[in-house]
Amino acid sequence: GHRISSFILSEAKRMSTWRTVVHRQNALNFRMRGLLAATLTAFKPDGSVNLDIVPEHLTRLVKSGCTGAWVIGTTGEFSTLSVAERKQLAEAWMNAVKQHAPHFGLIIHIGAASIEDSKELARHAESIGAPAIAAIPPVFFKPENIPDLVSTMQDIAAAAPKTPFYYYHIPARTNVGLRMYDFLNAATGVIPNLVGMKYSHYDLMDFADCIRFFEPRYNMLYGHEEYMLGALTHGAEGFVGSTFNLTFMMPHYLQLVHSGSSHEKESNNNLEMPLALKMQERSHDFIGVMFRYGGIPILKAVVKAQGFDCGDLRLPGRSLGADKIQAALQDIKTLGFDISK
């Protein structure tokens, strides 16, 4: 109740100070910290993108303690959207942030199957003043080695030279499983506006090496909620997660970061670590339900049950049927989660 709300507010306020750049981190002096929600894309009953819901989505994230958002990414079903729709959605998020939460961080994903589409989206993002952009590599004809990956991302990033650029590493989807330490080593000095990476992979050794050898030059954001505690022990300060869209999950994540962060020197001790582990296990409980029923379908079903209707998935995605939704919501309740919060 009041105690949880007070904790969320205090943690959100503390995390908001993390984004302050104290010294020169990279060429563009840009860095994100805290919890960034990988946002859902809402669709109307006729299948068109629901832009009107974006301000409400933003308000939910701010109130729950998120410091920013990663928009039009995997959770946002980016590959089902046209270039025109992605531009409209980027503009909707930019307008909402400017009007309602000017200090809220925003990273717009512009990656696409075509490099030319990525470059067009990058130019558009820069023209509307996007704080930062990100991109996956092309995934049909894909980069097969580090030099090709660097050249590909250099070409995309150069379309928006004044905008901080993040590489989006998600090999389970892209099948580009190159070592990111090698990528950063080769990209340094070649991609001037490269400021970091969203690392959505389970190789914590590679992730740790990226932090060990390239922080603070590159801002390493970790993208798997189920491994947050491991990433925290290696020095991660920023996370991108789809379950950060869920208001009832955020207190667990905020407590996890507070208790398990290697940057929280006073908290990182034997008394706090068991609490961090407990919060990580609660994340595992919910993500286990997602694995059983499907990630985005479950997220959309849960937020709809909370009164925030993001509509159905676009093909080839499939929304859950009524029976599966009820079964999933019952499983979530049985685990002790209260989705009304």
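## Strand 4 and its neighbours

In this predicted model, strand 4 (residues 132-135) is covered on both faces. Ala 132 and Ala 134 sit on one side, Ile 133 and Ala 135 on the other, and all of them are buried.

Strand 4 has a partner in strand 3, and the two pair in the parallel sense over three bridges. One spot to look at is Ile 108, whose bridge partner in strand 4 is Ile 133. To get from strand 3 to strand 4, the chain goes through helix 4, and that β-α-β crossover is right-handed.

Strand 4 also pairs with strand 5 (residues 165-169), again in the parallel sense and over three bridges. Here Ala 134 has Tyr 166 of strand 5 as its bridge partner. The chain passes through helix 5 (residues 146-157) on its way from strand 4 to strand 5, in a right-handed β-α-β crossover.

## Two cavities

Searching the whole structure for cavities of 30 Å³ or more turns up two. The largest holds about 70 Å³ of space. Its lining includes Thr 39, Leu 40, Asn 50, His 57, Leu 89 and Trp 93. By type, the lining of the largest cavity splits into eight nonpolar residues, four polar ones and no charged ones. Helix 2 (54-64) and helix 3 (83-100) each put at least two residues into that lining.

The second largest cavity comes in at about 40 Å³. Among the residues lining this one are Arg 86, Lys 87, Ile 108, His 109, Leu 121 and His 124. Helix 3, strand 3 (105-109) and helix 4 (115-127) are the elements that give two or more residues to the lining of the second largest cavity. That lining has six nonpolar, two polar and two charged residues. Ile 72 is worth a click: it is in the lining of the largest cavity and also in that of the second largest. Ile 108, the bridge partner of Ile 133, lines the second largest cavity too.

## The largest pocket

Now for the pockets. The largest one contains about 1000 Å³ of space and is lined by 41 residues. If you want to find its centre, go to Thr 74, Thr 75, Ile 170, Arg 173 and Ile 296, the lining residues that lie nearest to it.

Several elements chip in: helix 6 (171-174), strand 8 (238-241), helix 11 (273-293) and helix 12 (295-305) each supply at least two lining residues. Helix 12 has the largest share, with four. Sorted by type, the lining of the largest pocket has 20 nonpolar, 14 polar and seven charged residues.

Conventions
Residues numbered from 1 in each chain as written. Predicted model: local features only at pLDDT ≥ 70, side-chain atom pairs only at ≥ 80, totals over all residues. Heavy atoms only, no water. 1 Å grid on protein atoms, 1.4 Å probe; cavity = no way out; pocket = protein on both sides within 12 Å on 5 of 7 lines; lining within 4 Å. Points joined across faces, edges and corners; volume = space filled by probe spheres on them. Nonpolar A, V, L, I, M, F, W, Y, C, P; charged D, E, K, R; others polar. Buried < 20%, exposed > 50% of the residue type's maximum accessible area, 1.4 Å probe, protein only. Pairing = 2+ DSSP bridges. Right-handed = clockwise from strand over helix to strand, strands pointing away.
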